[in-house]
Amino acid sequence: MDEKELQQLKRRLTELADTAYTQNRYTYTPFLGLAEQQAYYAVEREVSYAGVRMEGGAPLCERKMLRFGDPGYEEAYPIASVRIAPKAPKFAESLTHRDFLGALMNLGIERDVLGDLFVEAKKEQGALLFCHENIANYIVEHLDRVRHTNVSCKRTQGEAIVQSAEPERISVTVSSPRADGVISKVYNLSREESRDLFNNGRIFINGIQTENASCQLKEEDAVTVRGFGKFIYYGQTGVSKKGKDRVEVGVFGKK
């Protein structure tokens with residue numbers, strides 16, 4: 001997101017907050033990615049008077065809607081969940097996140113109406129998609145193929161349960177819980193390469209972009225490294241013979 005787009009999004013957020021407050025109703029953004037969510041954090045104090053919440057459909061979701069307003073009644077977010085499954089599981093390809101997302105984009109769907117998409121642990125189970133309520137029926141009716149695999153789509157009822165693969169728990173040895181050091185160990189990078197990721201705005205800790213490579217990770221911090229993946233920092237488990245910290249992390253989609 002360039003500076004012009006960032007400023008435009010900031011203005012849009014303040015407009016939505018003002019509308020929600022003056023008209024005493026809820027207003028919603030489209031789904032915002034981690035980089036776009038930084039526009040909200042930049043104006044968080046300015047719009048706090050309107051009442052703000054974020055929701056993506058499930059606890060693991062990174063793409064989220066902002067809801068402004070506090071009108072005194074509760075209203076469901078316009079978020080639907082759709083399960084995508086192969087029609088013939090036995091012959092299904094091993095489909096990736098990119099495959100599912102590409103098939104959706106080929107239907108002419110804009111990215112901002114799509115939330116997170118979780119590829120489920122077993123290929124025959126397909127994927128779970130969170131999307132805007134207005135586009136859910138269209139997806140159910142029109143998405144019938146992902147790559148060469150015929151699929152069917154069905155809206156889920158009630159609370160959607162994410163069945164994505166569990167993170168791979170690994171142990172790494174570091175001098176300290178500094179973010180750049182842990183990231184370099186998890187993804188086999190040099191410290192310089194790790195610091196470059198911070199400088200280029202590709203590191204998000206608990207959804208907030210940070211350029212502070214020396215920040216100390218805390219237990220249960222969720223770290224997203226754009227272009228590499230995501231991990232949960234579980235904390236120190238011991239000390240090596242050389243006196244370094246042995247820490248454990250849970251890595252999603254580690255290659």
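**Exercise 1.** Determine how strand β10 is joined to strand β12.

*Solution.* Three bridges join β10 (residues 203-205) to β12 (residues 221-225), and the two strands run antiparallel. Within this pairing, F204 has T224 of β12 as its bridge partner. Strands here are DSSP runs of E of at least two residues, and helices are runs of H or I of at least four, numbered from the N terminus. The model is predicted: local features need pLDDT of at least 70, side-chain atom pairs count only at pLDDT 80 or more, and totals for chains, interfaces and linings use all residues. Residues are numbered from 1 along each chain as its sequence is written, and side-chain values use heavy atoms, with hydrogens and water left out.

**Exercise 2.** Place these strands in their sheet and identify the edges.

*Solution.* Six strands, paired antiparallel, form an open sheet in the order β9-β14-β13-β12-β10-β11; two strands pair if DSSP finds at least two bridges between them. β9 (168-174) and β11 (208-209) each have a single partner strand, so one side of each lacks a neighbour in the sheet.

**Exercise 3.** State whether helix α6 is mostly covered or uncovered, and by what.

*Solution.* Seven of the eight residues of α6 are buried (under 20% relative accessible area, 1.4 Å probe, protein chains only). Among them are V182 and I183. The elements covering the buried residues include β9, α7 (191-199), β10, β12, β13 and β14.

**Exercise 4.** Find what L217 contacts beyond its neighbours within four places in sequence.

*Solution.* With contact meaning heavy atoms within 4.5 Å, L217 touches P177, A179, V182, I205, V223, F231 and Y233.

Technical notes
Buried means under 20% relative accessible area, exposed over 50%, partly exposed in between (1.4 Å probe, protein chains only).
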